[in-house]
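Welcome to this tour. Please open your viewer, switch to a cartoon view, and keep the selection box handy.

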Amino acid sequence: MKSMTISKLNTFCKDLFNYSRRLSSETQIGKTPLGAEYSIRIQSMTNTDTNDIKASVEQAIRMIESGAEYVRLTTQGKKEAENLKFIKAELLERGYETPLVADIHFNPVAATIAAQYVDKIRVNPGNFVDKRADLDGSEYSEEMYQEGLKKIRNKFIPLIAICKEHKTAIRIGTNHGSLSDRIMSRYGDTPRGMVEATLEFLRICKEERFNDVAISIKSSNTVMMVKTVRLLVSEMNKEDLYYPLHLGVTEAGEGEDGRIKSAVGTGALLNDGLGDTIRISLTEDPEIESPVGKKMVDYVLEKEGHCPIESPSYSQINLCDFYKRSTVEVDNIGGRKPAVVIADFSLERHFNSDFPEQVGYRMDAESLEWEKGDLAADFIYINGFDPSIRDFPKELGLIVDSVCWEDAFQYSVKVQPLFSAEVFLHDDLSSFKSDIHFINCSYSDLTEEFINKLQANSKAVLICQSNHQNAFAEQRAFVFKLIQFNCKTPVVFHRLFNENELEDLQLKSACDLGALFIDGLGNGICLNNTGNISREEVNATAFGILQAARVRTSKTEFISCPGCGRTLFKLQDVVSEVKKKFAHLSHLKIGVMGCIVNGPGEMGDVDYGYVGAGAGRVSLYKSQELIKKNILSEDAIEELIQIIKENGDWKDAK
Ligand code: SF4
């Protein structure tokens with residue numbers, strides 16, 4: 001294993017350290033082809049009832065005008081499939097030729113109808129033919145397993161024939177949490193299971209010489225989604241399959257959470273050069289999604305043609321696997337400690353005693369004691385200080401440049417020095433009796449001599465900088481080089497942005513830094529921005545990235561689907577109500593899903609779930625277990641509070 005090169009381990013990506021887009025095959029979707037050298041397409045999905053032709057047409061137009069290059073519509077049954085014909089005709093009549101996609105889950109008959117009218121149909125291998133997993137522990141003999149495969153062929157090959165005849169493309173869209181009973185019995189709900197479920201359909205496409213295929217594997221769990229897509233590409237390469245990829249994080253939610261989570265999952269794959277089309281799923285109006293997707297794609301494509309990054313030569317890391325770099329524990333950083341957040345105030349001209357209040361601490365007016373909020377930074381890095389640092393919160397560490405450390409240390413033992421790479425390499429640091437020696441450095445500083453010195457310093461923590469056009473890849477190379485030399489010094493990733501729009505900062509920082517945490521390479525984050533965005537928002541973005549990459553939970557995680565034609569209630573209003581009531585339960589994941597058909601499976605590993613069960617009706621779940629069925633929606637939130645209380649997971653808001 002040791003002698004295995006990176007390229008043999010990570011065949012999903014041509015070069016882990018130099019951006020280049022995977023060359024996929026070409027798929028015709030109406031007049032907007034996908035894959036090959038075509039641009040990365042942006043798409044979105046309506047949330048209207050497909051039987052409401054007027055509303056669907058109007059919404060589709062708003063989506064197209066905001067940048068959607070494909071428009072997908074829920075197609076539950078025959079009636080919806082038939083209505084696609086009228087929606088398509090009306091759009092053409094009004095001059096919109098954007099391809100339409102029918103979203104089919106369970107209904108092969110609906111698929112065969114829709115395939116005649118729209119440009120692409122989406123089928124879900126988990127439930128298109130096979131029985132949906134009901135976790136009843138069914139066992140499948142080899143014979144039964146093969147029988148299941150035969151049934152798929154019997155239904156899928158005729159559909160391919162219809163698609164060939166009508167020049168309709170097919171997306172094989174696998175979702176985590178909705179695998180079939182047969183696949184689950186053999187592989188469980190794992191990346192391997194999702195990949196195998198997808199490959200079964202792709203192999204049939206190949207045998208049938210049907211090339212107008214796209215693939216997606218989605219999950220609300222960003223790590224699961226990224227690892228699975230990488231594994232799929234590796235496996236497809238082995239079988240000479242190069243179909244284009246559709247990327248997306250399901251149930252990402254709304255607002256800041258939805259953007260950061262989508263950017264972490266989708267961005268990690270785009271950074272690897274994967275992805276021919278993306279959908280950013282937000283629990284917001286669908287026309288909001290495409291501009292967000294476009295920003296993401298544009299940001300990643302800025303990396304094209306960057307100055308080459310020298311690749312570390314060997315590594316044992318397989319980025320298709322779940323991985324966490326092994327590091328030593330230095331005070332509260334590294335080892336098994338959660339990733340830390342460092343707020344960088346070093347560009348502030350003047351020291352200010354209210355810095356802690358800008359990064360999650362609050363002074364209680366009565367007790368005059370500091371209170372630590374859920375998003376309280378672990379350290380602040382300050383340029384200059386005054387004696388008031390002795391009154392800073394006890395939990396808040398301070399970092400100052402090494403030249404001022406001795407003076408600052410007189411006022412607070414929580415002060416840690418930050419050394420330049422130059423000073424670290426050449427000076428004797430033994431007089432610095434602090435708990436941590438922070439070292440500011442970049443990839444070019446990592447000489448053998450530097451790494452040897454690091455290995456001899458048990459207090460060292462690296463602050464990894466990069467101003468490279470592809471900073472993500474340079475920071476990835478930085479950690480790979482440490483691994484190559486078996487150096488276990490913890491690494492905090494620092495990035496400086498210059499953004500004036502919060503959304504831009506969220507997308508760009510989450511895309512790059514989130515990807516590094518998904519790879520298991522980081523022990524902390526230090527985010528700074530010179531544009532016009534408040535310190536509180538920058539700090540919240542740093543915490544949001546760690547949460548979305550699943551390395552540190554600091555607030556309630558809300559997993560909500562974007563809603564579609566199956567949603568029979570005002571999803572956005574319910575999500576906002578649920579957020580109001582449960583935002584203080586930072587130890588929980590709470591799902592809000594639009595429908596009972598796909599919601600329970602797709603809300604993944606939530607602790608509690610609120611799932612639409614029909615008009616005015618809701619079902620409540622504890623994990624995957626149904627607790628209350630079809631209750632009135634007006635009682636649902638109070639009932640959910642009761643369930644959480646009964647299970648001992650409730651705490652009162654402060
Ligand atoms: S969970 Fe149901 S309502 Fe929500 S997007 Fe998926 S299919 Fe639509």
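Which residue in the turn of the hairpin formed by β25 and β26 has a positive phi? Select Gly 616: its phi is about 70°, and the hairpin has two residues between its strands.

Before moving on, a few ground rules. This is a predicted model, where local features need pLDDT of at least 70, side-chain atom pairs count only at pLDDT 80 or more, and totals for chains, interfaces and linings use all residues. Residues are numbered from 1 along each chain as its sequence is written, and side-chain values use heavy atoms, with hydrogens and water left out. Strands (E, at least two residues) and helices (H or I, at least four) are DSSP runs, numbered from the N terminus. Two strands pair if DSSP finds at least two bridges between them.

**Stop one: the five-stranded sheet**

Stay with the hairpin and select 608-614, which is β25, together with 617-622, which is β26. These two strands are antiparallel and share six bridges. One bridge pairs Gly 614 with Arg 617 in β26.

Now add 625-632, which is β27. It runs antiparallel to β26, with five bridges between them. Arg 617 appears again here, with Leu 632 as its bridge partner in β27. This hairpin also has two residues between its strands, and Ser 623 has a positive phi near 50°.

Next, select 589-593 for β24, which runs parallel to β25 and is joined to it by four bridges. Here Gly 591 is the bridge partner of Gly 609 in β25.

Finally, bring in 557-560, which is β23. You now have an open sheet of five strands in the order β23-β24-β25-β26-β27, with mixed pairing. β23 and β27 are the edge strands, each with a single partner, so one side of each has no neighbour in the sheet. From one strand to the next, the twist averages 20°.

**Stop two: helices on this sheet**

Select 571-582 to show α18, which lies across β23, β24 and β25 and runs at about 160° to β24. Such angles run from 0 to 180 degrees between N-to-C directions, using axes fitted to C-alpha atoms, for helices over the stretch in contact; contact means heavy atoms within 4.5 Å.

Then select 633-646: this is α20, which packs on the sheet, touching β24, β25, β26 and β27, with its direction at about 150° to that of β27.

**Stop three: around the ligand**

Select the residues around the ligand, among them Cys 561, Cys 564, Arg 566, Asn 598 and Glu 602. Each has a heavy atom within 4 Å of it.

**Stop four: the eight-stranded sheet**

Where are the edges of the other open sheet, with the order β8-β7-β6-β5-β4-β3-β10-β9 and parallel pairing? Select 213-218 for β8 and 246-247 for β9: these strands stand at the edges, each with a single partner.

Last, select 120-123 and 169-175, the parallel strands β6 and β7, which four bridges join. Lys 120 stands opposite Ala 169 in β7.
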